[in-house]
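Colleague: Could you take one part of this predicted model, look at it closely, and then set it against the rest of the chain? I would like the reasoning spelled out, along with how far the coordinates can be trusted.

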Amino acid sequence: MADTPTLSVTMLGAGQEVGRSCCVLQYRGRTIVCDAGVHPAYSGMASLPFIDELDWSTVDALLITHFHLDHAAALTYITEKTNFRDGKGKVYMTHPTKAVHKFMMQDYVRMGSSTSDALFSPLDMTMSLASIIPVSAHQLITVCPGVSFTPYHAGHVLGACMFLIDIYGLKILYTGDYSREEDRHLVKAELPPIKPDVLIVESTFGVHTLEGREEKEARFTTLVHSIIRRNGHVLLPTFALGRAQELMLILEDYWKKHPDLHNVPIYYASSLAKKCMAVYQTYIHTMNSNIRSRFAKRDNPFVFKHISNVPQTRGWEKKIAEGPPCVVLASPGFMQIGPSRELFELWCPDSRNGLIITGYSIEGTPARDLMSEPEEFVTLKGATIPRKISVDEISFSAHVDYSQNSEFIEQVKAQHVILVHGEQAAMGRLRSAMTSRYKERDEDVKIHSPRNLETLNLSFRGERVAKAIGTLADKTPKANDVISGLLVAKDYSYTLLDPRDLRDFAGLSTLVLVRWHLEGMYGNVEEGLDKDGVPTMRVMGAIDVKHTSEHELTLEWESSSSNDMIADSTLALITGIDTSPASVKLTTNAHSHEHTHHVHPHADPEEDNASVVRIQRIAMFLEAHFGEVELHMPETSEEEEPEQGEDHEREPSLLVQLDEAQARISLITLTVTSANDALKKRVEAVLDMAVTTASSLSQSFAAGVPVMAEEAGLAKEKTAELEAIAEGNGPE
């Protein structure tokens, strides 16, 4: 096929940066948006994606991969503050994501309501939550005709998924944040069973390779233990959900094995984490086999013996800071504000204390700045304090490293790979590394790393695969076998079937298809039953096409030179239906499988409207030659007798004016009258062409008798059709 459609990919966020993920996919008139996050390093409007660059009313679906703020927090602004609701767009996320997203957004609104940078109100958030459609992993969701998607497990956090999106046959895999390593509670990201055309994948760690989980956990617990031994406090800045639960499972297990630590408390300073712990327990079935088996034995892994939530009463941070050694998991992970920031400022000047950065830190945040171990630190109140606290980084961030990411990219085998969610330098190194790997193997895979607002246009060869079904699929074909059948297209997917299977698989009968083609060629086709009750279609009043048996059509006509010619063309048309591209187009019409009659675009209009449509076409033809044509509709009273010579003025007619001369065309007789002989002849010539052009073959030719006896009065009715125009049915 010559069709070369183009996929447009535009990053409204997370293009050569980490934060405010928002990817726009546009293909064949459909628009899908993946993720809608904010940038943690900014506040207010500056934290949003570049939302003004898209007409949100055109969006068909907005897919959220997981509940983290940098992927989901801008959703409320988009649904409530843009024209998103003016369109038919729908919002989708998994069941666990929706459950946690609610609490995350309540906390986000609460934190932002105290500042002038609040993006939306609690009411906006509630309205937005009501519009979210929850879905399950592996569930095929059809958004609208031609657009569907399937979520697959992505690891990373509870409920996180990657989306395999199908837009008119083009398949795009959008990973969001994903992890290919199974941890203490989450499954690892799945490899979808279907090869996509395009892979849009995170590049957070670039070409950096992380240590294994067991080594990392051992190093982490050893470091925590050493800080406790030196009589210090351990601060673990982390987000309330996701990695916090993983760290709790690690610490709980370590404390259980070390009795000397039983008197050292572990706190998580987050009311949000406490609320969402119930969500974690609800969705145990989505976690890995270790968690599920423990839960099956009535050992709930999220009921902790050595970890408790801090009652956040007034001044609780100071009480803990001045108390005995302890471990505190405090949010947020980037330490801009909140408990993690306040505890850090209290513990910062004491060298006995320790800060362990356990997640990925975005550039521009305090957590990233502290990794360079500055000698001083500026507090929220603007004071400068010495930094004596030890700073270590042990990343439990559930993102793929280079070895896992490169392996996944190669296993997916997409023609185009688009790198997102990575800082410019890290993304650039990953792109170079992957390009070199493919070049060494002489594989033509394109690696892209678009910036924000840079639209990437990808063209694809118009090759399409047709799936054989029904009778054609009964026998497995061998190599080089030629398979023939009826090609049915729906939303750019193709099916090949035996014409005998048409009714079963497409909801159409052979007779419906034949009539549709006959109307396209000849115009109006009369339909009824013959004297023996056989379904019959009459073509141009001369040829009877009879459905004599299930897979048989019989042509009958009275022989004459003209009728024989029509019969030959009818036979040629019917025998060529199975190879006609128009047959494909017929099946793409949306329907509820109540196939009464499909109207061919070239068929005659319905009987009630036929004369009006024909006169409209003639009037348009005349206007193209003479300029404006006036429709004359006289008001005639039944008692009023027209004077002799004025009959033509009492008829509905078209008036043609050319300079001072005027011509009148009767719409009853289609005759021309004019005092100007030259204008009359010219109008007659144009009218003859107009009538020929506006008429179908069946209107230009009539022969034979009606299909059914009761239709014998049809001719008399047709002579009165034009007269109905005088009652107000003229062309507009």
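**A helix and its setting**

Modeller: Glycine 523 follows helix α15, and its phi is positive, near 90°. The helix that ends before this glycine covers residues 510–522. From the first C-alpha to the last, the 13 residues of α15 reach 18 Å, which is close to the 18 Å expected at 1.5 Å a residue. As for its surroundings, α15 is largely enclosed by the rest of the structure, because ten of its 13 residues are buried. Among these buried positions are the hydrophobic side chains Leu511, Val512, Leu513, Val514 and Leu518, and the list also takes in Arg515, Trp516, His517, Glu519 and Tyr522.

To place the helix in its context, the chain has 732 residues, of which 50% count as buried, and its secondary structure comes to 21 helices and 33 strands. Among contacts with a separation of 6 or more, 69% are between residues 24 or more positions apart. The chain exposes about 35500 Å², and carbon and sulfur atoms supply 50% of that area.

Two buried polar residues in strands give a view at the level of side chains. Serine 8 sits in strand β1, which spans residues 6–13, and serine 8 counts as buried because its relative accessibility is 15%, under the 20% limit. The side chain of serine 8 is joined to that of asparagine 457 by a polar contact of 2.8 Å. Beyond its neighbours within four places in sequence, serine 8 is in contact with Val24, Leu25 and Gln26, and also with Thr455, Leu456 and Asn457.

Histidine 448, for its part, belongs to strand β21, residues 446–448, and with a relative accessibility of 14% histidine 448 counts as buried too. A polar contact of 2.9 Å links the side chain of histidine 448 with the side chain of histidine 416. Apart from residues up to four places away in sequence, histidine 448 touches His416, Val417, Ile418, Leu419, Arg431, Leu456 and Leu458. Leu456 therefore appears among the contacts of serine 8 and among those of histidine 448.

The cysteines deserve a separate word, since burial alone does not make a bond. Cysteine 22 counts as buried at 0% relative accessibility, and cysteine 144 counts as buried at 14%. For cysteine 22 the closest cysteine sulfur is that of cysteine 23, at 7.9 Å, which is too far for a bond. The count of disulfides comes to zero.

On trust, the mean pLDDT of the chain is 84, and 85% of its residues reach 70 or more. Confidence is highest in strand β4, residues 61–63, at 98, and lowest in helix α21, residues 714–719, at a mean of 38. Over residues 703–732 the pLDDT is below 50, although the model gives this stretch 40 contacts beyond near neighbours in sequence. Residues 584–596 also stay under 50, and for them the model has 19 contacts beyond four places in sequence. Where pLDDT is low, predicted coordinates should not be read in detail.

Note on methods. Residues are numbered from 1 along each chain as its sequence is written. This is a predicted model: local features need pLDDT of at least 70, side-chain atom pairs count only at pLDDT 80 or more; totals for chains, interfaces and linings use all residues. Side-chain values use heavy atoms; hydrogens and water are left out. Helices (H or I, at least four residues) and strands (E, at least two) are DSSP runs, numbered from the N terminus. Buried means under 20% relative accessible area, exposed over 50%, partly exposed in between (1.4 Å probe, protein chains only). Contact means heavy atoms within 4.5 Å. Accessible areas come from the Shrake-Rupley method with a 1.4 Å probe; for residues, only the protein chains shown count as cover. pLDDT is the predictor's confidence in each residue, from 0 to 100. A polar contact is a pair of N or O atoms within 3.5 Å; within protein, one must be able to donate a hydrogen and the other to accept it, and residues adjacent in sequence count only if both atoms are side-chain atoms. A disulfide is a pair of cysteine sulfur atoms within 2.5 Å. The expected span of a helix is 1.5 Å times one less than its number of residues.
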